[in-house]
Each structure stands twice: as structure tokens, then as C-alpha cells.
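Me: I've got this model open and I'd like to zoom in on one part rather than tour the whole thing. Can you walk me through it slowly?

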Amino acid sequence: MFNETYKFLNGVEIPTLGLGTWLLDDAQAAQAVRDAISIGYRHIDTAQAYMNEAGVGEGIRSCGLAREQLFITTKVAAEAKTYDAVTQSIDESLAKMGLDYIDLLIIHSPQPWVEFREDNRYFEENKEVWKAMEDAYKTGKVKAIGLSNFLEDDIENILASCEIKPMVNQILAHVSNTPFELIEFCQKNDILVEAYSPIAHGAVLDNAEVKVIADKYGVSVAQLCLRYDIQLGLVVIPKTANPDHMRNNAELDFVISDADMEALKNVEPIQNYGEHSFFPVFGGKLK
């Protein structure tokens with residue numbers, strides 16, 4: 001699994017499987033990065049909003065591998081909506097991580113989190129954010145640039161005036177919540193789709209219907225969910241600090257049949273993400 005990659009429009013390759021670091025503090029992130037890299041991971045995903053870029057950077061610098069062998073993603077904070085704020089934030093991310101460049105830089109959300117999916121779409125502001133990212137790309141600070149949580153019209157807004165096309169849209173996509181139309185739109189526009197929370201932040205693990213299919217293949221629900229996204233052509237970045245889970249998440253050497261893929265596509269939509277439901281990406285509202 002670790003050798004599988006997708007290629008962006010510009011030829012840069014991204015490993016199909018990555019490690020997510022959301023909700024890990026600096027110390028946890030540093031150890032998780034070291035553990036993941038020792039297991040075979042080469043793709044690490046963080047964000048300014050996670051407040052753990054320093055820990056991720058420490059893990060990278062102390063893992064024993066050359067920087068060029070790793071693929072590191074971070075995300076511009078959803079609240080940074082001016083050229084200057086984004087330019088400054090990129091330099092801060094590089095400094096916190098102690099890196100000379102970032103492999104993939106993403107706009108974390110089209111709107112600040114407190115206004116996520118509300119009426120103000122920030123179309124003009126996002127064009128300014130994109131310009132700052134294009135300039136960082138041209139100077140070599142970042143090797144690829146993309147989006148996260150962008151809907152079709154948010155993407156069209158960028159495509160209408162960009163000099164460099166977005167290479168990625170990182171979205172919530174998992175069994176019981178797969179935005180097929182958005183995925184198809186991205187793929188038609190040569191935008192690779194990355195799935196965050198591909199195991200539904202744990203909310204799908206007790207789904208009896210999904211468990212029956214997982215048992216059929218002799219795999220865990222988590223492994224089935226990751227394989228499902230991969231067969232849809234998506235990059236997956238499951239988050240864990242547990243080395244055993246890291247290993248299991250990489251053991252995906254099986255193929256889900258077309259019939260079972262159809263069944264998984266039609267699993268009843270998830271209604272509740274439990275204790276994490278308050279996060280905007282899971283339908284909650286921040287005050």
C-alpha cells in the first residue's frame with residue numbers, strides 16, 4: 001500500500017495512504033509521525049488549525065528519513081482570507097515545522113469555521129487567498145496547492161480566474177456519507193479528491209450492514225472503509241496515534257466487488273457523529 005501514489009496535474013506524486021493528525025497535540029503528533037514513518041508511511045497531513053505543526057515538524061526531523069522521501073501537507077487557516085494573512089501564515093507554518101518547503105498546501109475551508117456553509121461565500125476573498133498560494137508555489141515554498149471543503153461553486157470561483165488550477169479538494173467522504181456529485185465534478189476537472197475522516201471518525205464502526213461486508217472479506221470495518229474510498233479513486237488520510245491501527249490501516253490488499261461497492265454506496269446516511277458532532281465538518285455550528 002505504501003508504494004501506491006496518485007499524480008497531480010503538475011506531475012508531483014502523492015501517496016494514496018497518509019496519516020492524519022487532527023486532535024493530536026504536539027507531543028502526540030511528533031510520536032505518531034515517527035511511528036508512522038517507521039511503519040512505512042510517507043504522507044503526513046496536518047493544518048494550522050490543528051495547532052500541532054511544531055510537533056509534526058519535530059517528528060519529521062527526528063524520524064531518520066531524508067526530507068525528500070516524505071510528503072507533507074498543511075492547510076491555511078479557514079479564517080485567513082487576505083493575501084497578506086495567507087503569505088504570513090505560510091511562512092509561519094514553514095518556521096513551526098522547521099521545513100524549507102511544503103509538499104501540499106490547502107485552503108482549509110471556503111469560509112471561516114464560524115460561518116461554515118452560511119450565506120457569505122467569500123468568493124472574492126478566496127481568489128485573493130489563491131493568489132497568495134500561487135505565488136508561494138512559484139517561489140518553491142510549496143510543491144502543490146489545493147482546497148478543502150470546497151463545494152462545486154466554490155471551486156468554479158477559483159477556476160474562473162486562477163493561473164494554476166487546484167490540484168486537490170480534501171473533503172469528508174466515507175461509507176454512509178459520500179458526496180458522489182462533488183467527487184465526480186472534481187475528477188472531471190483533474191482535481192484529485194482526498195478523503196479525511198475516511199472511517200467516519202469512528203461513527204461507522206458499529207454499523208451492522210457494513211460489518212457483514214467486512215466479515216465477508218476477513219477485514220475490519222476500518223479496512224473496508226479505507227478500501228472503499230481508494231476504489232473510488234480517493235487518497236485517504238486516517239487519523240490515529242496507535243501504531244497497531246497504523247499497520248492495520250495499511251493492510252488493504254483486497255478488492256471489494258462491484259456488487260459490494262454498490263451496497264456500500266447505498267448504506268443509510270449517517271445521522272450522528274457522536275461526541276464530535278459539534279464540529280462544522282460533521283454538521284455542527286461553532287459559536
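**A close look at strand S5**

For "domain: NADP-dependent oxidoreductase", an unreviewed UniProt entry lists residues 17–267. What I'd like to understand is strand S5, residues 71–76. Is S5 enclosed by the rest of the structure or open to the outside? Which strands pair with S5, and in which sense? After that, take me out to the loops and helices beyond.

Reply: Sure. Keep in mind that this is a predicted model, so everything below is computed from predicted coordinates.

Let's start with the UniProt span you mention. Residues 17–267 are 43% helix and 12% strand, and the C-alpha atoms at the two ends lie 24 Å apart.

Now to S5. Six of the six residues in S5 are buried, so the strand is largely enclosed by the rest of the structure. Buried here means under 20% relative accessible area.

Who are the strand's partners? One is S4, residues 43–45, which pairs with S5 in the parallel sense over three bridges. If you want a spot to click on, His43 stands opposite Phe71 of S5. To get from S4 to S5 the chain passes through helix H2 (residues 53–61), and that β-α-β crossover is right-handed.

The other partner is S6, residues 104–107. S5 and S6 also run parallel, joined by four bridges. Here the pair to look for is Lys75, which stands opposite Ile106 in S6. The connection is again a β-α-β unit: S5, helix H3 (residues 83–97) and S6 make a right-handed one.

Now follow the chain out from these strands, beginning with the loop between S4 and H2. Met51 sits in that loop. Its phi is positive, about 60 degrees, although Met51 is not a glycine. That stands out because most residues other than glycine have a negative phi. Met51 counts as exposed, at 66% relative accessibility.

There is another case further along. Asp190 has a positive phi near 60 degrees, and this residue isn't a glycine either. You'll find Asp190 in the loop between helix H6 (180–188) and strand S9 (192–196). With 45% relative accessibility, Asp190 counts as partly exposed.

Back to S6, and on past its far end. The loop between S6 and helix H4 (123–139) holds Val114. Val114 is partly exposed at 42% relative accessible area, and together with Phe278 and Leu286 it forms a nonpolar patch on the surface. The three have about 250 Å² of accessible area together.

Arg121 is in that loop between S6 and H4 too, and its salt-bridge partner Asp153 lies in helix H5 (residues 152–159), so the pair ties together parts that are 32 residues apart in sequence. The two side chains meet at 2.8 Å, N to O. Asp153 itself is partly exposed, with 31% relative accessible area. In the whole model, the count comes to 16 salt bridges.

Helix H4 has salt bridges of its own, and Asp135 is the one to click on. Asp135 forms a salt bridge with Lys131, with the closest N and O atoms 3.0 Å apart. The two are four residues apart in H4, so about one helical turn separates them. Asp135 also forms a salt bridge with Lys138, where the closest N and O atoms are 4.0 Å apart. Lys138 is three residues from Asp135 in H4, again about one turn. The spacing makes sense because an α-helix has 3.6 residues a turn, so residues three or four places apart point the same way.

How accessible are these residues? Asp135 is buried at 19% relative accessible area, just inside the under 20% cut-off. Lys131 counts as partly exposed at 37%, and Lys138 is partly exposed at 47%. Salt bridges with shared partners join Lys131, Asp135, Lys138 and Glu163 into one network.

One last stop, for contrast with those H4 lysines: helix H8, residues 221–231. There, 10 of the 11 residues are buried, so H8 is largely enclosed by the rest of the structure. The buried residues include Val221, Leu224 and Ile230, but also Gln223, Arg227 and Asp229. Just after H8, Gly233 takes a positive phi of about 90 degrees.

So, back to your question: S5 is largely enclosed by the rest of the structure, with S4 parallel to it over three bridges and S6 parallel to it over four.

Conventions. Residues are numbered from 1 along each chain as its sequence is written. This is a predicted model: local features need pLDDT of at least 70, side-chain atom pairs count only at pLDDT 80 or more; totals for chains, interfaces and linings use all residues. Side-chain values use heavy atoms; hydrogens and water are left out. Buried means under 20% relative accessible area, exposed over 50%, partly exposed in between (1.4 Å probe, protein chains only). Two strands pair if DSSP finds at least two bridges between them. A crossover is right-handed if, with the strands pointing away from the viewer, the path from the first strand over the helix to the second runs clockwise. Patches are made of residues with over 30% relative accessible area and no salt bridge: like charges are joined within 9 Å, nonpolar side chains (Val, Leu, Ile, Met, Phe, Trp, Tyr) within 5 Å. Accessible areas come from the Shrake-Rupley method with a 1.4 Å probe; for residues, only the protein chains shown count as cover. UniProt positions are given in the numbering used here, feature names are shortened, and annotations may be inferred rather than shown by experiment.
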